[in-house]
Structure formats: C-alpha cells, structure tokens
Amino acid sequence: MAIAVSGGMCTCMFGTLPIVLRASSTKKVLVGGRSVLTMSENKLGMNLSTMSFGMCFSLVNPAVIKTPIGVIIPTVCVPQIIGTWIPTKIKVLAGGVPICKSGDFCICQYLGKITISSPGQFSVT
C-alpha cells in the first residue's frame, strides 16, 4: 500500500506543475520517518506546498480563454479546493485518523481532479 506522506506529490488534471504534499496533522503518525497526510489536510500553502499547479487549462475557470479558432489561453492556477480528499480504496486509519493513499483525490471548483500521484512512501511493513 502506498501511503501519502510529507514529500509526496499531487497533480491537477488541468494544471502544468505538481505540488509537494506537507502533512501537518496534530496527531503525528509516521511512516518511514515521515508524517502521514490525513484526509482533511488539503489546504493550499499549508498541506500543498505552493499556491498553484502552474497554469490552468480548465474551461470552467472564467479566467481561461478559448479563442474562436479553438486555441486555449491558460491562466495562472489558483485552485479552489472543495471538501476533503476522497479515498479511492478502502479507508485506512493510522492512529485512529483516516489517511491518504496514492490515487486519492480532491476536486477544485473549476472541476480539476487533484490526485496524489506520488505518495512519497511505497510500502508499509
């Protein structure tokens, strides 16, 4: 099982750059010496290391322009995350807290699916 820990990465389907994950849970659960990311930790600048996935190509984003000839002109990504991480597999608890795994995702209001693409920890023994 690939558990998401500090140093893992997430990507947005409409973004151009990944973001580094940072666990900040007050319930310190460690896997391989790194803090585990919990299901509620998806705050920009806190749990997601930067405020942007680079450029946004979502046509739902009002700042993104589609020209009459079909060329999409992206804008700087400023994600607006809705809700918590959504588990893709069975919920896993560590220290009584639901934790994130590879493939878990959350949604941006511009309909971007933000996925934990590289969890930072690939095996639990």
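Reasoning from cut-offs in a predicted model

The model is predicted. In this model, the charged end of Lys113 sits over the ring of Phe105, 4.5 Å from the ring centre.

Me: What makes the Lys113 end count as sitting over the ring of Phe105?
Reply: The distance to the ring centre is 4.5 Å. The limit is 6 Å, with the charge also within 35 degrees of the ring normal. Lys113 is listed as sitting over the ring of Phe105.

Me: How many aromatic pairs are there?
Reply: Zero. A pair needs ring centres within 6.5 Å.

Me: Why is Asp104 called buried?
Reply: Its relative accessibility is 0%. Buried means under 20%, so Asp104 qualifies.

Me: Where is Asp104, and which residues is Asp104 in contact with beyond four places in sequence?
Reply: Asp104 lies in the loop between β11 (97-99) and β12. Its contacts beyond four places in sequence include Met39, Trp85, Pro87, Ile99 and Ile114. Contact means heavy atoms within 4.5 Å.

Me: What makes the link between Asp104 and Lys101 a polar contact?
Reply: A polar atom of the Asp104 side chain lies 2.9 Å from the backbone nitrogen of Lys101. The cut-off is 3.5 Å, so the distance of 2.9 Å falls inside the limit.

Me: How do you know that Cys77 forms no disulfide?
Reply: The closest cysteine sulfur, in Cys56, is 5.6 Å from that of Cys77. A disulfide needs sulfurs within 2.5 Å. The sulfur of Cys56 is therefore too far for a bond. Cys77 is also buried, at a relative accessible area of 6%.

Me: Why is Cys106 not bonded to Cys10?
Reply: Cys10 holds the closest cysteine sulfur to that of Cys106, at 6.9 Å. Against a limit of 2.5 Å, that is too far for a bond. Cys106 counts as buried because its relative accessibility is 0%. The structure holds zero disulfides.

Me: What makes a set of residues here a nonpolar core, and which have the most contacts inside the largest one?
Reply: Members must be buried and joined through side-chain atoms within 4.5 Å. The largest core has 20 residues. Cys10, Leu21, Leu37, Trp85 and Ile114 have the most contacts inside this core. Two or more residues each come from β1 (4-12), β12 (105-108) and β13 (113-120). The largest share, three residues, is from β1. Another core lies apart from this one. That second core has eight residues, among them Ile3, Val29, Val31 and Ile99.

Terms used:
Residues numbered from 1 in each chain as written. Predicted model: local features only at pLDDT ≥ 70, side-chain atom pairs only at ≥ 80, totals over all residues. Heavy atoms only, no water. Phe/Tyr/Trp six-rings, centres within 6.5 Å; stacked < 30°, edge-to-face > 60°. Buried < 20%, exposed > 50% of the residue type's maximum accessible area, 1.4 Å probe, protein only. Polar contact = N/O pair within 3.5 Å; in protein donor to acceptor, adjacent residues only side chain to side chain.
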